[in-house]
Every structure is written in structure tokens, then in C-alpha cells.
Amino acid sequence: MEEIIQSFFNSKESTVFILKLIFAFLISLGLTYAAIPVILKISHRKNLMDEPRERSSHDRKVPNLGGIAIFYTIGICAPIFAYELFESYKFLFPALVILLYIGVMDDIVVIRAYKKLFAQIAIAVMIVIGSDVRLRSMFGLFGIYELNYLMSVILSIIVFVVMINAFNLIDGVDGLAGSFAIICCSLFGWSYYHLGEYNYPMVILCVIIIGSLLGFLYYNLSDKKIKIFMGDTGSMIIGFLLVFTAFYFIDLFISKDNPDVPHYHLQSAPVIAFAILILPTIDTLSVIIIRLLNKKSPLEADRNHIHHKLLNLGLTHKGATFYIIIYYLGIILVTYLLRHIEINILMAIVLSLGFVGAYLPNIILKLRK
């Protein structure tokens, strides 16, 4: 009898979770879909557009405030359907508000780079120190295991700032940033679901992000007047949330039973998280390497990003996005299949595959010439 009652309650909890998941997805999709036409209308009236520049991949003015709709959706749905996260991580929502403010300012009037960097460091400090979201261990990667608190904080802040900017850099062709983020959230969300009920709020957060991005992509992939970009606002918010979900994922595999004895439920967890977020990381690293080889500043803007190379090969925006997504999905699949091998060997394989994908367009272009 007790087993039947227990089964009923488990079933009831599962039903409630599934309903929350469905409503969170549908409402987030609907809110973004409904909010963007209003933003488009205001953008066209006030001429709040992204002007084509030398390294731009578009040739006409396009509104770039889609990130406001993404924040609007996440800001409404997450506190309702995944309120537990905001109780556990009290600095999460304030960090998103700061990114919204800085992002909108940059999308409209273009603020100085150091001001944007200062804001990014500030939100990284808030979430790392205030909410204790950080890298606690390297799991033996590069021979490093547990990190002391100071090193953990410094490394985590650097990762947050670098990845926020790296994600912003891949937002150069239609659909790429949004599609990539959807895949990341799908993979992390699926993992959280299988790792226990305690992680259900994170599953819901991932679903909300997916819903908001699907609503955004409907307009972003359009060739008509309803086209919109997510801008710095959207790219910084999504980049920040992807790092947050990655740190949460890695932390799940550290055994809390005896902190004095390193033990991990999955030794390769950091490499799997890295593989899921590999596109902006490899893209940024490859661009910096090319600039240094050409004796240029690593911060100097150019057209050496992966999507620029694919456009030079004659691919359309959608074709470039499709190629990049498929290739890096293959890397994630290889990483998952090899997840039980030694962590440093796995990292070497992932990095090698990543750089091959980044430089393959250069090789093809040289062969054509």
C-alpha cells in the first residue's frame, strides 16, 4: 500500500513538473514572439538600427534590440516557473538587469569598451562571490584538481568575462548565436533532467531560454522587414547564462561526501562542458592566433571569424550557420562517446577537432585559388 501511495506522489510530482515545463516553453515562446513586433515598430520609428560596417555581414539597416525581448521573456518566466533558482542564487537576476542596461546602452549609443568590461567584471564578481557560482576543481585537467578559493574565484571571473565576449563575437550571421545557444541549453537541460529532481529548476530555465530564442529566431532568420538582431544585449545575457549553466553542470559531478579526498562522478565533466561551449571558445582563440601571426593587436577587429570565412567561400548566412552547427555537434558527440577516457587526452582531441573546424575554410579557400 505504501509503495502505491509513494508511486502516486512520484507520479503527481512528475506530472506537475511536465506541466510546468510545457507552460514555461509555450509562454516564453509566445512572449518573445509577441514582444519583438513592438520593438521593431519603435526601432523603425526612432531609427534604432545596426548600420552596415566594413566587417558587417549584412548590407542594410536592421534593428538590433532583440535582446530586450529575450530579457523580457526570461525575466518574467524564470521567477515564476524556476523561482527556486532566484532563492538559491540571489545575485542572478541583478546581474541580468545590469547586462540589460549596459547592452541596451551599447546597442543604441555604443559605449566605450572599458565601461562594458567593467560592468561584465562587476556581474561576474556578483555571481561568483555573492552566489558562489564558480569552478571548484579542474578534475585533473592539466594535472590540477581542487582549486583554492582565491584561484577558483579569479579563474571563474575570467571565464565569465571571456565567454560573455566570445559569445558576442559569434553573433555575426543570421541564426548562428541563437541556434548555438538552443543546442547548448538542450544538452545541459537534458543532462540536468537525468541527474535528478533537485535539478528540475535548471531544466526549466534551459527550456525558457530555448523558448525565448525560438521566438527570436523566427524574426532573425526572416529576409523581410521583420528581421531583427539580438544585439549586445541578447548576446551578453545568453552568454552569461550559458556560463552559469556550465558551472552548475560541472559542480554536479564533484562528490561532496569527503571534500578532502578528490572524487568525481564523471572525470571528464569540465571537458564535456567545454565541448558544449566550444564554438565561441575556438572561434575567439583562432582569431587571436591569426592576429598575432599577422603581427596585429588581438583586440583589432577583422573578418577572420569562422562565419566570415564560410561567407567568403560563397555560403549564405543560413548555409554558414548550418555548417558550423553540424560540425560542432559532431565534436560534442565524439566527446560524449569518449567521455570515459583520460581527461587530458580527451581535451587534446576536442581542441584538435575544434581548430580543424576553424581552419578548414581557410584550407578550402587556398585550394580553390
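Which residue follows helix 4, and is its phi positive or negative? Keep that question in mind while the whole chain is on screen, and remember throughout that this is a predicted model.

**The whole chain**

Begin with a cartoon view, in which the chain shows 14 helices and two strands. The radius of gyration is 21 Å, close to the 21 Å that the globule rule gives for 369 residues, so the chain is as compact as a globular protein of that length. Turned along its principal axes, the chain has C-alpha atoms that fill a box of roughly 70 × 45 × 35 Å. If you switch on a surface, its accessible area comes to about 18,000 Å², and 67% of that belongs to carbon and sulfur atoms. Of the 369 residues, 51% count as buried. Among contacts between residues at least 6 apart in sequence, 74% join residues at least 24 apart.

**Helix 4 and the residue after it**

Now select residues 92-109, which make up helix 4. At 1.5 Å a residue, these 18 residues should span 26 Å, and the end C-alpha atoms are 26 Å apart, which agrees. Colour the buried residues of this helix, and you will mark Leu92, Ala95, Leu96, Leu99, Leu100, Ile102, Gly103, Val104, Asp106 and Asp107. An α-helix has 3.6 residues a turn, so residues three or four places apart point the same way. To see what the buried residues of helix 4 pack against, show helix 2 (66-81), helix 3 (83-88), helix 5 (113-130) and helix 9 (231-251).

The opening question is answered by selecting Val110, which follows helix 4 and has a positive phi, near 60 degrees. Val110 sits in the loop between helix 4 and helix 5, and at 56% relative accessibility it counts as exposed. For a sense of scale, draw a distance from Val110 to Ala69, which is 41 residues away along the chain; their C-alpha atoms are separated by 19 Å.

**The nonpolar core**

Next, select Phe160, Phe167, Ile238, Phe240, Leu242, Phe249 and Tyr328, which are the residues with the most contacts inside the largest nonpolar core, a set of 114 residues. Centre the view on Phe240 and, leaving aside its neighbours within four places in sequence, display the residues in contact with it: Leu92, Ala95, Leu96, Leu99, Ile123, Ile127, Phe160 and Ile164. Among these partners, Leu92, Ala95, Leu96 and Leu99 are already familiar as buried residues of helix 4.

**Charged pairs**

Side chains of opposite charge can pair when their charged atoms come close. The count for this model comes to six salt bridges, and a good place to begin is Lys116.

Select Asp106 and Lys116, which form a salt bridge with their closest N and O atoms 3.0 Å apart. Asp106 lies in helix 4 and Lys116 in helix 5, so the pair ties together parts that are 10 residues apart in sequence. Then add Asp232, which also forms a salt bridge with Lys116, here with the closest N and O atoms 2.9 Å apart. Because Asp232 lies in helix 9 and Lys116 in helix 5, this pair ties together parts that are 116 residues apart in sequence. Lys116 is buried, with a relative accessible area of 13%, and Asp232, at 13% relative accessibility, counts as buried too.

Move on to Asp251 and Arg136, which form a salt bridge whose closest N and O atoms are 2.9 Å apart. Asp251 lies in helix 9 and Arg136 in the loop between helix 5 and helix 6 (149-169), so the pair ties together parts that are 115 residues apart in sequence. Asp251 is buried, with a relative accessible area of 18%, whereas Arg136, at 22%, counts as partly exposed. Add Asp132 and Arg134 to the selection, and you have one network of salt bridges that share partners, joining Asp132, Arg134, Arg136 and Asp251.

**Two last stops**

Select Asp174, which lies in the loop between helix 6 and helix 7 (176-194). Is Asp174 buried or exposed? At 8% relative accessibility, Asp174 counts as buried. Apart from its neighbours within four places in sequence, Asp174 is in contact with Asn220, Leu221, Lys227, Phe229, His317 and Thr321.

Finish at Leu337, in helix 13 (residues 317-337), which is exposed, with a relative accessible area of 58%. A line drawn from Leu337 to Ser152, 185 residues away along the chain, links C-alpha atoms separated by 29 Å.

Key. Residues numbered from 1 in each chain as written. Predicted model: local features only at pLDDT ≥ 70, side-chain atom pairs only at ≥ 80, totals over all residues. Heavy atoms only, no water. Core = buried A, V, L, I, M, F, W, Y, C linked by side-chain atoms within 4.5 Å. Buried < 20%, exposed > 50% of the residue type's maximum accessible area, 1.4 Å probe, protein only. Contact = heavy atoms within 4.5 Å. Helix = DSSP H or I, 4+ residues; strand = E, 2+ residues; numbered from the N terminus. Expected span 1.5 Å × (residues − 1). Rg over C-alpha atoms; globule rule 2.2 N^0.38 Å. Areas by Shrake-Rupley, 256 points an atom, 1.4 Å probe, with all protein chains shown as cover. Salt bridge = Lys/Arg side-chain N within 4 Å of Asp/Glu carboxyl O.
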